[in-house]
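Hi everyone, thanks for coming. Let's take a look at a structure together, and I'll talk you through a few places in it.

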Amino acid sequence: MKQGKEVENPESRFFALLLAAAKLPGVRIHREAYLRSALARHCSEDDIRRAIEETPAAAGITVEVLDKVANYSIRYETAKVSALSAAAGIPGIIALPATVPADTAQYVGHMLRIAQKLAYLYSWPDLFSDEGDDVDDATKGVLTLFFGVMFGTKSANVAVGKVAGMMAEQVAKKLPQKALTHGVVYPMVKKVAGYLGVRMTTQSFAATVSKAIPLVGAAVSGGLTFATFLPMAKRLKKHLSSLPLAEPSHRVMDGEVVDGEVVEDHGPFATPHAEQPDADATAVKLEEPQP
């Protein structure tokens, strides 16, 4: 009985979906490869190298340039997720048991992709380690808050601002682990996760209805995905670009913020994570050319 209640819990449902989507091929963005490709037509090699080694803000890259690159990435991910959603709607109601779970997972996967891209452009650290498929609790927490911002949740806006403030104040390279997993931000993470668990169930139902009629369902499904994904991505971009982390001249240093304290860490900032080399190459190719 207890296990059944756990499964029905919206918070647990959202975390399960988030973690499942994070394991899909191509979902995790290689920070260094993405920044190098995305900034290639707008910045010098020295600025790109410094943006990778530190942050785009530390490299002095203006928010105007970052906004232009962010808009390109948003258009790219929106077009891709909308096309995939439309394709999933073509078979009609007969294939619903197969297409709806896959469509939901790929939708969340693209939310993760654009969240990572925007985070890296606006000077957040690498969100995934290279230690297998596991997602650590701090990364799970900050991604939950990013999703909350995309859905227009005010508490998520406040929480992301708090996390960004901690990192900017301490000019640290790591997410504030304690704040996100046990400290002041953690209750907000749980609240947002519960809200998203309910909202995503509602969206899944709407997606199921839109796919009930073959071909017509494909157009409706693709249009519905476009109409929801684009404004959510723009909402996250607007919020991240307004935070202190995105302001040029913010230098970073080794260390992890833990509720206002910096814990020494000698590891590199841009640690490659668990992506296959072929996937990396494909990701770089897909992001080019930049406008």
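Let's begin with a polar contact: the side chain of glutamate 11 meets the side chain of lysine 190 at 3.0 Å. Please keep in mind throughout that this is a predicted model. Glutamate 11 lies in helix α2. Is glutamate 11 buried or exposed? With a relative accessible area of 18%, it is buried, because the cut-off for buried is under 20%. Leaving out residues up to four places away in sequence, glutamate 11 touches Lys190, Ala193 and Gly194. And here is a nice link across the chain: the C-alpha atoms of glutamate 11 and valine 192 are 8.1 Å apart, although their positions lie 181 residues apart along the chain.

That kind of link fits a wider pattern. If you take the contacts in the chain between residues at least 6 apart in sequence, 80% of them join residues at least 24 apart. The chain itself has twelve helices and three strands. It is 291 residues in total, and buried residues make up 51% of them.

Back to α2, then. At its start, a side-chain oxygen of asparagine 9 reaches to within 2.8 Å of the backbone nitrogen of glutamate 11. How far apart are the end C-alpha atoms of this helix? They are 18 Å apart, and that agrees with what we should expect, because 13 residues at 1.5 Å a residue should span 18 Å. The buried residues in α2 are Glu11, Ser12, Phe14, Phe15, Leu18, Ala21 and Ala22. As a reminder, an α-helix has 3.6 residues a turn, so residues three or four places apart point the same way.

Now for the partner of α2. Two packed helices are described by the angle between their axes and the distance between the axes. For α2 and helix α7, which covers residues 137-150, the axes come within 11 Å and cross at roughly 105°. The two helices are therefore roughly perpendicular to each other. Which residues meet there? From α2 we have Phe14, Phe15, Leu18 and Leu19, and from α7 we have Lys140, Leu143, Thr144 and Phe147.

Some of those names come back when we look at leucine 112. This residue sits in helix α6, and it counts as buried because its relative accessibility is 0%. Setting aside neighbours within four places in sequence, leucine 112 is in contact with Leu18, Ala21, Ala22, Val27, Leu143 and Phe147. The C-alpha atoms of leucine 112 and leucine 143 are separated by 7.6 Å, with the two residues 31 apart along the chain.

What about the largest nonpolar core? It has 72 residues, and Leu39, Trp124, Phe146 and Phe147 touch the most other members. Helix α6, residues 96-121, gives the most to this core, with ten residues.

Just after α2 there is a loop that leads to α3, and arginine 28 is in it. Is arginine 28 buried or exposed? Its relative accessibility is 3%, so it counts as buried. Its side chain reaches the backbone oxygen of alanine 22 at 3.0 Å. The next helix, α3 (residues 31-39), is mostly covered, with seven of its nine residues buried. Those buried residues are Arg31, Ala33, Tyr34, Leu35, Ser37, Ala38 and Leu39.

Let's stop at another loop, the one between α6 and α7, where we find serine 123. Most residues other than glycine have a negative phi, and most peptide bonds are trans. Serine 123 has a phi near 75°, a positive value in a residue other than glycine. Serine 123 also counts as buried, because its relative accessibility is 4%.

My last stop is helix α5, residues 63-89, which holds threonine 78. Threonine 78 counts as buried because its relative accessibility is 1%. What does its side chain meet? A polar atom of that side chain lies 2.7 Å from the backbone oxygen of isoleucine 74.

Valine 63 is also found in α5. Not counting residues up to four places away in sequence, valine 63 touches Ser241, Ala246 and Pro248. Its C-alpha atom is separated by 8.1 Å from that of tyrosine 122, which is 59 residues away along the chain.

That's my tour. Thanks for listening!

How values were computed:
Residues are numbered from 1 along each chain as its sequence is written. This is a predicted model: local features need pLDDT of at least 70, side-chain atom pairs count only at pLDDT 80 or more; totals for chains, interfaces and linings use all residues. Side-chain values use heavy atoms; hydrogens and water are left out. Helices (H or I, at least four residues) and strands (E, at least two) are DSSP runs, numbered from the N terminus. The expected span of a helix is 1.5 Å times one less than its number of residues. Buried means under 20% relative accessible area, exposed over 50%, partly exposed in between (1.4 Å probe, protein chains only). A polar contact is a pair of N or O atoms within 3.5 Å; within protein, one must be able to donate a hydrogen and the other to accept it, and residues adjacent in sequence count only if both atoms are side-chain atoms. A nonpolar core is a set of buried Ala, Val, Leu, Ile, Met, Phe, Trp, Tyr and Cys residues joined through side-chain atoms within 4.5 Å. Axes are lines fitted to C-alpha atoms, for helices over the stretch in contact, and angles run from 0 to 180 degrees between N-to-C directions. Angles under 35 degrees count as roughly parallel, over 145 as roughly antiparallel, 65 to 115 as roughly perpendicular and the rest as oblique. Contact means heavy atoms within 4.5 Å.
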